[in-house]
Amino acid sequence: MRVLTDRGAPARAVAVHRAGAGAALPAGTAAWLAALEAQDDRVALAAAVREVLPGATSGDLLRQLARLAARAGEAELERQALERLAASGGAGPETQRRLGVLAHLRRDRAAAERLLQAVVAAEADDYESWTILGDIAAARRDPSAARQRYAEALRRLEEAADRSTRARVLRAHLLHGLGREAEAARLYEALLVERPRDRSLRADYVALLMEQGAVRAARAALVLP
């Protein structure tokens, strides 16, 4: 099946696996999953992950299942695969980080905080985890903890010297969280010049303006070019 997949015949590879259903060789399963991924069918990917996950034990297979679940947009399946990976002892900081992010997305703040605090204890330069920890503190109305965590995230971000769009958006968010509104606004405006149709970015900028009481400016910012 790997040969079929590598030669651009993923549909044939899937058919071969289906014809031999019942075979439990990990290599065959991984190749079948790779063939499904090549087809880029999210429904089929999610179904395959559900089929394979109950019997998956190897770290490599569990990582593959988690990645495919994420690609299929199945956060709960991804969480299950990652938790099984963690229980097997094969989880590193990246797995813990992703579990923390998933917990945050489903608004389980206690679990997210526990997982991400463990991540930054192991990898203190992880500015994205520090940012989420700041968001958690802000959500529970603990401004002192939020500021401390946002400041740490910003310090680590600046040390990383990351100039990507993603990092600049994160920087704008952190500046806003630290009350450095003018700097945040200037950065959002610069980013919107580059990405005028980015609705998420525009929504963040509008939220900042609304918090400042700049209602007219917020209404103007809502209009897409």
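User: What covers the buried residues of α13?
Analyst: This is a predicted model, where local features need pLDDT of at least 70, side-chain atom pairs count only at pLDDT 80 or more, and totals for chains, interfaces and linings use all residues. Residues are numbered from 1 along each chain as its sequence is written; side-chain values use heavy atoms, with hydrogens and water left out. Helices (H or I, at least four residues) and strands (E, at least two) are DSSP runs, numbered from the N terminus. Contact means heavy atoms within 4.5 Å, and the cover includes α11, α12 and α14 (215–221).

User: Which residues of α13 are buried, and over what arc around the axis do they spread?
Analyst: Buried means under 20% relative accessible area, exposed over 50%, partly exposed in between (1.4 Å probe, protein chains only). The buried set is L201, R202, Y205, V206, L208 and L209. The arc is taken from the directions from the helix axis to the C-beta atoms. These residues sit on the same side of α13 because their arc is only 155 degrees.

User: Which exposed residues lie on the face of α13 turned away from its buried side?
Analyst: An α-helix has 3.6 residues a turn, so residues three or four places apart point the same way. On α13, the face turned away from the buried side carries exposed R199, S200 and E211.

User: At the start of α13, which backbone nitrogen does a side-chain oxygen of D198 reach?
Analyst: A polar contact is a pair of N or O atoms within 3.5 Å; within protein, one must be able to donate a hydrogen and the other to accept it, and residues adjacent in sequence count only if both atoms are side-chain atoms. The D198 oxygen comes to within 3.2 Å of its partner, the backbone nitrogen of S200.

User: Which aromatic pair does the model contain, and is it tilted or stacked?
Analyst: Rings of Phe, Tyr and Trp (its six-membered ring) pair if their centres lie within 6.5 Å; planes under 30 degrees apart count as stacked, over 60 as edge-to-face and the rest as tilted. The count is one aromatic pair. It joins Y188 and Y205, with 6.0 Å centre to centre and 35 degrees between the planes: tilted.

User: How many residues apart are Y188 and Y205, and is Y205 buried or exposed?
Analyst: Y188 belongs to α12 (residues 181–194) and Y205 to α13 (residues 199–211), 17 residues apart. Y188 has a relative accessible area of 1% and is buried. At 9% relative accessible area, Y205 is buried.

User: What does helix α10 (residues 143–160) reach from its first C-alpha to its last?
Analyst: The expected span is 1.5 Å times one less than the number of residues. With 18 residues, α10 is close to the expected 26 Å, reaching 25 Å.

User: Against which helices do the buried residues of α10 pack?
Analyst: The buried residues are A145, A146, R149, Y150, E152, A153, L154, R156 and L157. They pack against α8 (109–122), α9 (127–139) and α11 (165–177).

User: With which side chain does R97 make a polar contact?
Analyst: R97 lies in helix α7 (residues 93–105). It is buried, at 14% relative accessible area. Beyond neighbours within four places in sequence, its contacts include L116, V119 and E123. At 2.4 Å, the polar partner is the side chain of D126.

User: What separates the C-alpha atoms of V120 and P93?
Analyst: V120 is in α8. It counts as buried at 9% relative accessibility. V120 and P93 are 27 residues apart along the chain, yet their C-alpha separation is 8.8 Å.
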